[in-house]
Amino acid sequence: MTHSSPGVDDEAKASSPARLLGPEEPEAPSPEEPARPGRGISPGSLALIIAGALFGVTVLVGALLGLRAFIMETPSMGTAAPVGSLVLTAPAQVADLKKNDIVSFSQAGATETHTHRVIAAGKDGVRTK
């Protein structure tokens, strides 16, 4: 003899078995529920973290190699480095400089850095424009 509940057919009973949940067994979220916010790192955040780390490593390596960065504040370099351009420099020996090189330098005792094009280079130094 089969017992049936009023209004519930046999197929519905077979496809959704009843379960009793105890205090140790919380109900699992259904697949239709959205993920809870605040879990894990979003792809956008991960990309920012990686980009920041790469930038930091690049700056650190550059500093260790003696690279320096300057923003052009005057139009003295014309179209080669317009006002607002970022100029990156590396250390160089005066003897290695040649005509048309672009150099950044500070005069003895001065705090300003100047960036100019070399117009002449020789045994006694360089001359800039």
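**View 1. The two faces of strand 2 in the predicted model.** Strand 2 spans residues 86–89 and has one covered and one uncovered face. Val87 and Thr89 make up the covered face, whereas Leu86 and Leu88 make up the uncovered one. In a regular strand, side chains alternate between the two faces of the sheet. Thr89, which lies in strand 2, has a relative accessible area of 17% and is therefore buried, since the cut-off for that class is under 20%. Thr89 and Gly62 are 27 residues apart in sequence, and their C-alpha atoms are 9.9 Å apart in space.

**View 2. Strand 1 beside strand 2.** Strand 1 covers residues 68–71 and pairs with strand 2 in the antiparallel sense. The pairing comprises 4 bridges. Ile71 has Leu86 of strand 2 opposite it. Leu86 also belongs to the uncovered face of strand 2.

**View 3. A nonpolar patch on the surface.** The patch is formed by Ile41, Leu46, Ile49, Ile50 and Leu54. Together these residues have about 490 Å² of accessible area. One of them, Ile50, is located in helix 2, which runs over residues 43–64. Ile50 counts as partly exposed because its relative accessibility is 45%, and that class lies between 20% and 50%.

**View 4. Strand 3, strand 4 and strand 5.** Strand 3 (residues 102–105) and strand 4 (residues 114–122) run antiparallel and are joined by 4 bridges. In this pair, Val103 stands opposite His116 of strand 4. Strand 4 also pairs with strand 5 (residues 125–128), again in the antiparallel sense and over 4 bridges. Gly122 has Gly125 in strand 5 as its bridge partner. The connection from strand 4 to strand 5 is a hairpin through 2 residues.

**View 5. The largest pocket and its lining.** The largest pocket holds about 400 Å³ of space. Its lining consists of 22 residues. Those nearest the centre of the pocket are Ala90, Ala92, Val103, Ser104 and Phe105. At least two lining residues come from each of strand 1, strand 2, strand 3 and strand 5. Strand 3 contributes the most, with 4 residues. Val103 thus appears in two views: as a residue nearest the centre of the pocket, and as the residue opposite His116 in strand 4.

**View 6. Ala92 in the loop between strand 2 and strand 3.** Ala92 is among the residues nearest the centre of the largest pocket. Its relative accessible area is 54%, so Ala92 is exposed; the cut-off for that class is over 50%. Ala92 and Gly66 are 26 residues apart along the chain, with their C-alpha atoms separated by 10.0 Å.

**View 7. Asn100 and the salt bridge of Asp101 with Lys98.** Asn100 is placed in the loop between strand 2 and strand 3. Although Asn100 is not a glycine, it has a positive phi of about 80°. With a relative accessible area of 48%, Asn100 is partly exposed. The side chains of Asp101 and Lys98 meet in a salt bridge, at 3.6 Å from N to O. A search of the whole structure finds 1 salt bridge.

**View 8. Overview of the protein chain.** The chain contains 2 helices and 5 strands. Counted from the N terminus, the order of the elements is α-α-β-β-β-β-β. The chain has 129 residues, of which 11% count as buried. Thr89 of View 1 is a buried residue, while Ala92 of View 6 is exposed.

Key:
Residues are numbered from 1 along each chain as its sequence is written. This is a predicted model: local features need pLDDT of at least 70, side-chain atom pairs count only at pLDDT 80 or more; totals for chains, interfaces and linings use all residues. Side-chain values use heavy atoms; hydrogens and water are left out. Buried means under 20% relative accessible area, exposed over 50%, partly exposed in between (1.4 Å probe, protein chains only). Two strands pair if DSSP finds at least two bridges between them. Patches are made of residues with over 30% relative accessible area and no salt bridge: like charges are joined within 9 Å, nonpolar side chains (Val, Leu, Ile, Met, Phe, Trp, Tyr) within 5 Å. Accessible areas come from the Shrake-Rupley method with a 1.4 Å probe; for residues, only the protein chains shown count as cover. A salt bridge is a side-chain nitrogen of Lys or Arg within 4 Å of a carboxyl oxygen of Asp or Glu. On a 1 Å grid over the protein atoms alone, a cavity is a set of points where a 1.4 Å probe fits but cannot get out, and a pocket is an open set with protein on both sides within 12 Å along at least five of seven lines; lining residues have an atom within 4 Å of a point. Grid points are joined across faces, edges and corners, and a volume is the space filled by probe spheres set on the points.
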